[in-house]
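Trainee: I would like a close look at one part of this model. Please take me through the second largest pocket, then through what surrounds it.

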Amino acid sequence: MSTSIATSEITEASLASPVNEAVAQPVQEGLSATPKWLPAWLFYDAQGSRLFERITHLPEYYLTRTERAIFTGYADGIIAAAIDAYATAGGTGKGRLRLLELGAGSATKTGILLAAAVRLQDETEYLPIDVSETAMEDACASIARALTGVVVQPQVANYVTDELSIPPHDGPTLALYIGSSIGNFAPHEAVAILQNLRAQMRPGDTLLLGTDLVKDAATLISAYNDHDGVTAAFNLNVLRRINRDLRANFDLASFTHQAIWNAEQSRMEMHLQSTKEQTVRVGALRTSFQFDAGETIHTENSYKFTKDAIRNLFTQSGFQAAHQWTDEDQLFAVTVASAA
Ligand code: AVI
């Protein structure tokens with residue numbers, strides 16, 4: 001080992017704040033792989049979450065406004081479907097319908113369904129489950145501000161990696177998994193998430209799943225490659241996060257955003273492409289990663305569903321589709337399924 005390398009390692013180590021292992025491990029694994037990849041959850045630091053919020057307002061990103069419009073148009077029917085499914089399954093609990101949500105909801109979309117539940121039964125329990133305490137606090141505060149009659153009982157838990165533990169309830173539960181969040185998981189992971197939820201449900205409980213539908217490639221690609229470059233900034237922000245969390249020296253100007261429709265896998269893919277041959281140092285890992293000109297890092301999959309694929313997903317995870325609502329352009333589907 002040369003003196004200069006030893007010195008730089010000591011300097012990096014001694015300047016180091018404690019290494020964020022949750023970030024270090026997947027970055028080490030993903031950037032050592034061929035082709036290189038990074039997990040999509042790395043997008044969501046404070047800046048990434050702000051950029052995602054901006055994406056949801058972009059004209060090209062039809063997903064959020066379309067799902068919201070379906071909720072606005074059919075909220076009463078959605079709540080009625082959940083209550084009916086409980087009665088049909090012979091549920092005898094005396095309690096009111098409660099809403100549970102995988103992920104911390106925002107007042108806007110979840111609030112539409114909560115408001116419908118409150119209209120029907122005066123008071124509604126709402127149990128958001130999210131890994132981020134901060135996201136949960138923000139969501140609970142905005143729900144509480146926007147709606148009276150909602151009793152919020154947040155739970156901090158990772159519903160992807162850990163077994164869920166949902167408090168018992170003497171009445172029906174409607175679990176929300178909305179916003180096309182299921183689409184960011186590989187098919188086997190999506191089944192595992194829904195099975196985890198199903199294991200905690202009782203006969204007559206229901207799941208409301210929001211899924212983006214397969215459509216023409218041009219519409220999909222522009223939703224993930226908007227004119228103003230907000231999605232590009234969101235994608236590139238993952239490198240900024242690694243620079244900060246792991247003391248790396250990614251030059252963001254030498255990577256470009258790519259959005260690709262993979263028809264065979266039925267998914268939009270996001271990648272970051274290196275514009276030149278370069279070496280990137282990741283101080284906290286004491287490793288450098290080599291990039292060829294044109295080499296890519298695969299940063300996200302966003303699966304798009306046909307109606308058959310939605311039905312299959314439910315069947316594989318122990319649910320049965322009961323009602324489905326879509327917009328008139330068939331962009332997005334909201335399906336209520338009962339625990340089979
Ligand atoms: C959070 N998720 C459902 C978004 C999606 O559409 O897959 C994340 C996103 N990626 C690029 N734009 C939005």
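Mentor: Here is the pocket, followed by the domains, the confidence and some backbone details.

This is a predicted model. The second largest pocket holds about 220 Å³ of space. Its lining counts 14 residues. Five of them lie nearest the centre of the pocket: Pro 187, Tyr 303, Phe 305, Ala 309 and Leu 313. Two elements give two or more residues each to this lining, helix H7 (187–198) and helix H10 (307–317). H10 is the top contributor, with 4 residues. By class, the lining splits into 9 nonpolar, 4 polar and 1 charged residues.

Now place the pocket in the chain. The protein chain is divided into two parts, each assigned as two segments. Domain 1 covers 7–42 + 238–303. Domain 2 covers 62–214 + 305–339. The pocket lining draws at least three residues from each of these domains. Look again at the residues nearest the pocket centre, which include Tyr 303 and Phe 305. Residue 303 ends the second segment of domain 1, while residue 305 starts the second segment of domain 2.

Next, how the two domains meet. Taken over C-alpha atoms, their centres are 33 Å apart. The contact between them takes 6 residues from domain 1 and 7 residues from domain 2. The area buried between the domains is about 530 Å². Carbon and sulfur atoms give 49% of that area.

Then confidence. The mean pLDDT of the protein chain is 93. Of its residues, 95% reach 70 or more. The weak stretch is at the start: pLDDT stays under 50 over residues 1–14. For those residues the model has 7 contacts beyond four places in sequence. Helix H1 (residues 3–15) has the lowest mean pLDDT among the elements, at 44. Strand S9 (residues 267–274) has the highest, at 99.

Last, three backbone details. Begin with the peptide bond between Thr 34 and Pro 35, which is cis, with omega about -5 degrees. Pro 35 sits in the loop between helix H2 (21–32) and strand S1 (36–37). Turn to Ser 266, in the loop between strand S8 (255–262) and S9. Phi of Ser 266 is near 55 degrees, a positive value in a residue other than glycine. Finish with Arg 286, also a residue other than glycine with positive phi, here near 50 degrees. Arg 286 is found in the loop between strand S10 (278–282) and strand S11 (287–291).

Conventions. Residues are numbered from 1 along each chain as its sequence is written. This is a predicted model: local features need pLDDT of at least 70, side-chain atom pairs count only at pLDDT 80 or more; totals for chains, interfaces and linings use all residues. Side-chain values use heavy atoms; hydrogens and water are left out. pLDDT is the predictor's confidence in each residue, from 0 to 100. Contact means heavy atoms within 4.5 Å. On a 1 Å grid over the protein atoms alone, a cavity is a set of points where a 1.4 Å probe fits but cannot get out, and a pocket is an open set with protein on both sides within 12 Å along at least five of seven lines; lining residues have an atom within 4 Å of a point. Grid points are joined across faces, edges and corners, and a volume is the space filled by probe spheres set on the points. Ala, Val, Leu, Ile, Met, Phe, Trp, Tyr, Cys and Pro count as nonpolar, Asp, Glu, Lys and Arg as charged, and the others, Gly among them, as polar. Domain bounds come from an automatic or database domain assignment. Buried area is the accessible area (1.4 Å probe) that two parts lose on being put together, summed over both.
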